[in-house]
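Trainee: I'd like a close look at one part of this protein, the sheet and what sits around it. Could you walk me through it?

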Amino acid sequence: MEEEKRNGLRVILFPLPLQGCINPMLQLANILHSRGFSITVIHTRFNAPKASSHPLFTFLQIQDGLSEAQIKDGPTSNVMSLLAQINLNAESPFRDCLNKVLLESKESSSEKVSCLIDDCGWLFTQTVSESLNLPRMVLCTFKATFFNAYPTLPLIRTKGYLPVSDSEAEDSVIEFPPLQKRDLSKVFGEFGEKLDPFLHVVVETTMRSSGIIYMSCEELEKDSLTLSNEIFKVPVFAIGPFHSYFSASSSSLFTQDETCIPWLDSQEDKSVIYVSLGSVVNITETEFLEIACGLSNSKQPFLWVVRPGLVLGAKWIELLSEGLLRSLEEKGKIVKWAPQQEVLAHRAIGGFLTHNGWNSTLESICEGVPMICLPGGWDQMLNSRFVSDVWNVGIHLEGRIDKKEIEKAVRMLMVESEGEKIRERMKVLKDEVERSVKQGGSSFLSIETLVNHILLL
Ligand SMILES: O=c1ccn([C@@H]2O[C@H](COP(=O)(O)OP(=O)(O)O[C@H]3O[C@H](CO)[C@@H](O)[C@H](O)[C@H]3O)[C@@H](O)[C@H]2O)c(=O)[nH]1
């Protein structure tokens, strides 16, 4: 009966145009589609997902107010600065598009639109969906622990913790454990108080929504999930990690370099350190060279993702001396973009030097790969503290992008006995998280509750 009812129900998804948000949204689409829902994905022109990789879904593109040049630069541009512009410009095209889908569904008696699910970073979607009488659910693609802090972040910023002196750097932020005071400036980054109105709108609209879906699970943050329900006063569904349910159909905005897989095939088990800082973080030329020297000096094989736009203001290859380039080529492989999930699952990977974006952190845990943490900002500061200080499955570089520190961390993780202990703890965490998505597990059961919730909206 329920299955019958679901056929004929459509869910509309609207991801934020960031790689780290598109991937989970399309994974969620797979989950809902497997439970009988039809899927429409509305997306901006900027960083449009590749519709041909997802033939079962309907894709509708809207204008976002960006210039041709900005659209052309796509994922290589400074995406964060464009998001504000898109949030200002996309409301009206989004409303028109959503309205059209709703009208079409009214005309067809065989189909009903159940709800809109969009990223918590959109500022106008709650208002638009209310005006069209469509229930809206919020997808949060980072830890509930971080989303719970949204209402209090402006207070923490003004509390007088900043600037942080050396003597108090390691003190915890009591309102926001396990964050340390030295993490705070990078949480707010260049945005500072400009973030306050954004945070306010997100909190307020989430409280008016029909629920929050988290790409997380009880095994990783049970108390925070309970707290989230208390803070936002809406139902909470933790159904992650999303990518565990289906083998990946790629949502990559960059072309993946598949040659790294045969290269990994030629390496020893657990010998390679995978290095990637995701799709948003930037580093300076000096930092790039420090990482290059650190990897080279560690003498460990490595696979390094240097995406276009990662290094600020440089065509990175020109920075490397002939000697350094030769030594890097002898020991490792550099690619522009990798099939990351496949890489992390490869038997040759023994560690992940990561910026701790939430997707990367979850993907690493799911493959039992211990981490070296080099967070760039925002939620990454919190994720990395969980990895190094709470779950004890990684080494924190404490922001020191220094060749000696990188060499030391790589050798500690990959060669020394400390690395073996971290690996054992990671195995335990991996098993726990794996249980959550298996039949009867917490996330698996939450999917059923979510589906029933959507049916009743
Ligand atoms: O060579 C690569 C590198 C990355 N990825 C994928 O790209 C995604 C990257 O996501 P994430 O690790 O979360 O990093 P960001 O791209 O930096 O994600 C943004 O979005 C995340 C979710 O909201 C936040 O946690 C981050 O802080 C924010 O920067 C992951 O699925 C990776 O598998 C690839 O496929 N190939």
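Mentor: Let's start with the sheet and then turn to the aromatic rings. Keep in mind that this is a predicted model.

The sheet is an open one of 7 strands, and its pairing is parallel. Reading across, you get the order S3-S2-S1-S4-S5-S6-S7. At the two edges you'll find S3, residues 58-62, and S7, residues 236-238, each of which has a pairing partner on one side only. Going from one strand to the next, the twist averages 25 degrees.

Now zoom in on one pair. Strand S1 covers residues 9-14 and strand S2 covers residues 38-44; the two run parallel, joined by 4 bridges. If you want a landmark there, look for Ile12, which stands opposite Thr40 in S2. In general, strands of a sheet pair through backbone hydrogen bonds.

Next, find helix H2, residues 19-34, which packs on the sheet. H2 touches S1, S2 and S3, and also S4 (112-119), S5 (136-140) and S6 (212-214). Compare directions and you'll see that H2 makes about 155 degrees with S4.

On to the rings. Searching the whole structure turns up 21 aromatic pairs. One aromatic cluster is made of Phe142, Phe146, Phe147, Tyr150, Phe176, Phe198, Tyr214, Phe232 and Trp378.

Two charged side chains are worth a click too. Lys143 has its charged end over the ring of Phe386, 3.6 Å from the ring's centre. Arg35, for its part, lies over the face of Phe444, at 5.8 Å from the ring centre.

Notes: Residues are numbered from 1 along each chain as its sequence is written. This is a predicted model: local features need pLDDT of at least 70, side-chain atom pairs count only at pLDDT 80 or more; totals for chains, interfaces and linings use all residues. Side-chain values use heavy atoms; hydrogens and water are left out. Two strands pair if DSSP finds at least two bridges between them. Axes are lines fitted to C-alpha atoms, for helices over the stretch in contact, and angles run from 0 to 180 degrees between N-to-C directions. Contact means heavy atoms within 4.5 Å. Rings of Phe, Tyr and Trp (its six-membered ring) pair if their centres lie within 6.5 Å; planes under 30 degrees apart count as stacked, over 60 as edge-to-face and the rest as tilted. A charge sits over a ring if NZ of Lys or CZ of Arg is within 6 Å of the ring centre and within 35 degrees of the ring normal.
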